[in-house]
Amino acid sequence: MKILGPLFLIARARPFGFNPDWQGRIKTVGSVFVHFFQRIKAIGFTANMDDYEKRKLGIFNQLNFFQLITGAIIPVADAVSNHHFPLSAWIVACMPVCISILVLSLNARRESYLAQIAYFVLNPIAISFVYFSGFNMGVELSFILYAILSVFFIQDLSQMLFALSLSMASYFGLAVVCKNYTFQLATASPFFYLFNQLLAILFIFYGLFLIKKENTGYQQSILKQKEAIADNERLLKQQTEELTQINAFKNRLFSIIAHDLKSPIYALRNLFRNMQQFDMPAEEIKEMVPEVVNELTHTTSLMENVLHWARSQMQAYAIRPQNIAVTDLIAEVVRLLRLPADAKQIGMTLKTDESLVAYADRDMVHLILRNLLSNAIKYTPENGCIEVGARREDNTIALFVKDTGTGILPDAQAKIDLNNFYSTKGTAGEAGTGLGLMLCKEFIVRNRGTLYIDSTPGKGSTFTFTLPAA
């Protein structure tokens, strides 16, 4: 009644659940037990052990710990019961507990090799001594457990065969040869005799379960490691390919820069040398200036693209999206390139809606438009037409540059799609590198857009790219 009284009061106070304090205590006890169990498994772990050795040692510690607990049941039960075993039988019953304590102590001292010898030699010898002393304790099935575990734990083949033979020979001698015992646990205490038999069977299956579980876990960890290694290999291969492409791109780029820088520098040198040596009249100087300006314009555009490309390859160069008034930006780029278009008598028209607003990096979009419009002027013959505009398409803004130029051949468009260098002379002999279009494609992708090219050789091209709408 003293126990039922408080339980009755708790049931009345909390009829539909446990008291939160009790739930917290149960969780605390559970966490303490889990922590304690993990510490038991980790006895003898060292920093230089690999994962497989730690798993094996963890199983070894678990088995010894549970054998210590269960091995103490019979001596403790005999001590508190009215029917006591003989003193010699009680001492014999305590031997497995002492061996488990010895094994765990050796593991704690980082003597796992001696711990295995103690477990697989002392246990069979102790049990054999018990039986040969005339006590049948009903633990002969333990020899099967030691035989199974010796195959798993002992790495040295000769030692493993010795432990296996010792266990099997002991089992055969006790279960088959010896029949006369002065003390029979089955007669003195049938319950404990049955308990010992069931316990031995339980440990056999529990040991096999732990081995299978840890082997499965180890195999899964190996598979994960292999997958991680394969992923790293794929990543390394991809990075190697990218590095190779970047290196080839860099070499090609530097060769183009070295080649294209010569022309304007030589043109300037020749102009100034002629002015110095031959005292050229102003009329002749004016005739040479347009050619020099044209060379410098091309070089300026090239250097600007190179600088933007170099910045784009730096990790610190992130896009800074903002709301962009598309019409104003297009008008600004058209004004910037009005002179080279007028020099070829090319008409440029704007076709856009005043209310269009995109969300992207303004400097990048400015560079994209300037390169596309510059290419359109370059490949459009005199008296041609170029149309620059934008339109709304669902949640995106589509900007386009349409010309009546020479168009792009299919094989050339394939090179552009593969991000390879491609450039040809313009209709007025303008030089190019192909870097501008590559830079356009990269900047469009970084601003979550897509580039579309529609070109017909001899009729013209339309370059369209999308940007997110504001």
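**Exercise 1. An aromatic cluster**

Are F60 and Y119 buried or exposed? Then work out how their rings meet and which further ring joins them.

*Solution.* The model is predicted.
Step 1. F60 is buried, and Y119 is buried too.
Step 2. Look for ring pairs. The whole structure holds 3 aromatic pairs.
Step 3. Take F60 and Y119. Their ring centres are 5.1 Å apart and their planes stand at 75°. Planes over 60 degrees apart count as edge-to-face, so this pair is edge-to-face.
Step 4. Place the pair in the chain. F60 sits in helix 3 (residues 51-71) and Y119 in helix 6 (residues 112-132). They are 59 residues apart, so the pair links distant parts of the chain.
Step 5. Move on to F120. Y119 and F120 also form an edge-to-face pair, with 5.0 Å from centre to centre and 85° between the planes. Both of these residues are buried.
Step 6. Put the pairs together. F60, Y119 and F120 are linked into a cluster by ring pairs.

**Exercise 2. Strand 7 and its partners**

Find which strands pair with strand 7, and in what sense. Then state how many residues of strand 7 are buried.

*Solution.*
Step 1. Locate the strand. Strand 7 covers residues 396-403.
Step 2. Take strand 6 (residues 385-393). Strand 6 pairs with strand 7 in the antiparallel sense, over 8 bridges. Within this pairing, I386 has D403 of strand 7 as its bridge partner.
Step 3. Check the turn. The hairpin of strand 6 and strand 7 has 2 residues between the strands. There D394 takes a positive phi near 55°.
Step 4. Take strand 9 (residues 460-468). Strand 9 and strand 7 are antiparallel as well, with 7 bridges. Here K402 stands opposite T462 of strand 9.
Step 5. Count the cover. In strand 7, 6 of the 8 residues are buried, and the strand is mostly covered.

**Exercise 3. Salt bridges**

Describe three salt bridges: D231 with R234, R362 with E332, and E442 with R446. Where do their residues lie?

*Solution.*
Step 1. Start with the total. A search of the whole structure gives 4 salt bridges.
Step 2. Take D231 and R234. Their side chains meet at 2.0 Å, N to O. Both lie in helix 10, 3 residues apart, which is about one turn of the helix. D231 has a relative accessible area of 40%, so D231 is partly exposed.
Step 3. Take R362 and E332. Their N to O distance is 2.9 Å. R362 belongs to helix 14 (residues 362-379) and E332 to helix 12 (residues 326-336), so this bridge ties together parts 30 residues apart in sequence. R362 is partly exposed at 27%, and E332 is partly exposed at 29%.
Step 4. Take E442 and R446. Their closest N and O atoms are 4.0 Å apart. The two residues are 4 apart in helix 16 (residues 435-446), so about one helical turn separates them. E442 is partly exposed at 25% relative accessibility. R446 is partly exposed as well, at 26%.

**Exercise 4. A surface patch**

Name the residues of the nonpolar patch on the surface, then judge F205.

*Solution.*
Step 1. List the members. The patch consists of L194, L198, I201, F205 and L208. Together they have about 490 Å² of accessible area.
Step 2. Place F205. F205 lies in helix 10 (residues 190-278).
Step 3. Judge F205. Its relative accessibility is 57%. Exposed means over 50%, so F205 counts as exposed.

Note on methods
Residues numbered from 1 in each chain as written. Predicted model: local features only at pLDDT ≥ 70, side-chain atom pairs only at ≥ 80, totals over all residues. Heavy atoms only, no water. Patch = residues over 30% accessible without salt bridge, like charges linked within 9 Å, V, L, I, M, F, W, Y side chains within 5 Å. Areas by Shrake-Rupley, 256 points an atom, 1.4 Å probe, with all protein chains shown as cover. Buried < 20%, exposed > 50% of the residue type's maximum accessible area, 1.4 Å probe, protein only. Pairing = 2+ DSSP bridges. Phe/Tyr/Trp six-rings, centres within 6.5 Å; stacked < 30°, edge-to-face > 60°.
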